Amino acid sequence: MNNLPDWLDWIHAQHHTSIDLGLERIARVYEQLDAPRLARMVITVAGTNGKGSTIALLSSLLRSAGKQVGVYTSPHILRFNERIAINGDCIEDQALIDAFQTVHDALGDDRLSFFEFTTLSAFVYFSQHELDVVLLEVGLGGRLDAVNVMDPDVAIITSIALDHQDWLGDDVRSIAFEKSGILRPDIPFICGDTEVNDYLTSRGHELRCLNYIYGSDFVVESVDDELHWSSFENGDVSRNIRLTSAQLPLNSVAIALKTIELVCPDMSWRSIPQVIAQTQLTGRYQKMTSKHGVMTVFDVAHNPASVALLHERLTSEGLSGDVVAVFAALADKDTGSMVECVSGVVDRWHVSCIRNNERSESKEKLSQLLSQRNENVTMHADLLSAYQTAYDSVKPGDCLLVFGSFYALAELFEQESDLNLMKGVA
């Protein structure tokens, strides 16, 4: 195998299922790789939503402080290489192939899942560089996720909500248990969740973690129409900074700043508001405005909690026209609740399935779901047709919304250059 597509196909074919939670296999291979240390500090980030945004903010802040930063995230939008980056630069094909080969040579009799194999490949790549910090995004859950084979120096849980119930449990307490598996004794634990933080705080205390909980130890809030981040000690404000703006969710901003306060005490806080304002992430409430006055929003929101946040951000825009949605989702998601979250703000729906994805919900079921709710819905043969029809229908003052899945955005973005997908977008 001499090229990246062949390697990725081979890795996909090695295990009977793409998701097979457990650490036994990956731990054995990790030991065969001599259990390399990735950086001077490893920060693991788990949570139902907000992981990618938190990591993007942390990476920007740490790099602005002169730190060498590795980032491992998933899934990707267009290229697998997006998952592994150092100082904002995605891994090159040959370096990725070399890392794959190293893991392959250490396999022995074990057959790893795709995520296990690629996680170890990221570890190999990071260990070959002198990095100050590596940021690791948990793929699914926490306790049994491949990333959890690595002991972190700091653990972050961004949020807890219902998602992936087939693997993590049917209630938020069960999901919190799985995600709290990334905690280790005596390390800082930063929690951005406000719903089940009593359980997470108790778990942190059991492990003698240094707990920092959103709402009691740090917060982002509006004060006299200004956005402020505050950190508290013994109930009193120990640090406060005014933020000019933020492209990413405020919960992620709050978590990132608390983490920076703990791990990067030499950070120049004067520069922070500008770094926060400039940090963006593809597909996270990504706004573009066309030359004829239509705002287009691309968002990977793919579960009820993330769609509820999307609804909150849309309504804060003070939109004067219609909201026209292009929507596709996976069949194992709670599409009914996702639709319910934004049904009051979306005026017209254009739906389709996700191309070449066996997990995709059918366009017929999505159309039926929306029709039963008396929504204005049009079904399309493919996502590109849905987008182009929606685009042609909007007028100045309208908002064109594309959401529902990482895979849906990827399908459209892949066709942008050849088919002039976002024509007229400035």
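The following exchange concerns strands, burial and salt bridges in a predicted model.

Reader: In what order do the 8 strands of the open sheet lie?

Author: The sheet is open, and its pairing is mixed. Its edge strands are β4 (89–90) and β8 (210–213), each of which pairs on one side only. Read from one edge to the other, the order is β4-β3-β2-β5-β1-β6-β7-β8.

Reader: Which residue of β4 stands opposite I86?

Author: Strands of a sheet pair through backbone hydrogen bonds, either parallel or antiparallel. Strand β3 (residues 84–86) and β4 pair in the antiparallel sense, over 2 bridges. Opposite I86 in β4 stands D89.

Reader: How many of the 5 residues of strand β14 are buried?

Author: Strand β14 covers residues 323–327 and is mostly covered. On one side V323, A325 and F327 are buried, and on the other side V324 and V326 are buried. Both faces of β14 are thus covered, and the count of buried residues is 5 of 5.

Reader: Which residue is the bridge partner of A325 in β17?

Author: Strand β14 is joined to strand β17 (residues 399–403) by 5 bridges. The two strands run parallel. In β17, the partner of A325 is L401.

Reader: Is the β-α-β crossover from β14 to β15 right-handed or left-handed?

Author: Strand β14 also runs parallel to strand β15 (residues 348–351), with 4 bridges joining them. Within this pairing, F327 stands opposite V351. The chain crosses from β14 to β15 through helix α12 (residues 335–342), and the crossover is right-handed.

Reader: How many residues apart are R239 and E261?

Author: A search of the whole structure finds 20 salt bridges, one of which joins the side chains of R239 and E261 at 3.2 Å, N to O. R239 lies in strand β11 (residues 236–243) and E261 in helix α9 (residues 250–263). The pair therefore links distant parts of the chain, with R239 partly exposed at a relative accessible area of 30%. The separation is 22 residues.

Reader: Why does E261 count as buried?

Author: Buried means under 20% relative accessible area. E261 falls under that cut-off and so counts as buried, because its relative accessibility is 18%.

Reader: How far apart are the closest N and O atoms of R359 and D332?

Author: Side chains of opposite charge can pair when their charged atoms come close. R359 is in the loop between β15 and α13 (363–372), and D332 is in the loop between β14 and α12, 27 residues apart. R359 counts as partly exposed at 28% relative accessibility, and D332 is partly exposed at 34%. The two form a salt bridge whose closest N and O atoms are apart by 2.9 Å.

Reader: Is D398 buried or exposed?

Author: D398 forms a salt bridge with K395, the closest N and O atoms being 3.4 Å apart. K395 is partly exposed, with a relative accessible area of 43%. For D398 the relative accessible area is 2%, and the cut-off for burial is under 20%. D398 is therefore buried.

Reader: Which residues are linked with K395 and D398 in a network of salt bridges?

Author: The salt bridge between K395 and D398 belongs to a network of salt bridges. Linked with K395 and D398 in that network are D322 and R348.

Key: Residues numbered from 1 in each chain as written. Predicted model: local features only at pLDDT ≥ 70, side-chain atom pairs only at ≥ 80, totals over all residues. Heavy atoms only, no water. Pairing = 2+ DSSP bridges. Buried < 20%, exposed > 50% of the residue type's maximum accessible area, 1.4 Å probe, protein only. Right-handed = clockwise from strand over helix to strand, strands pointing away. Salt bridge = Lys/Arg side-chain N within 4 Å of Asp/Glu carboxyl O.
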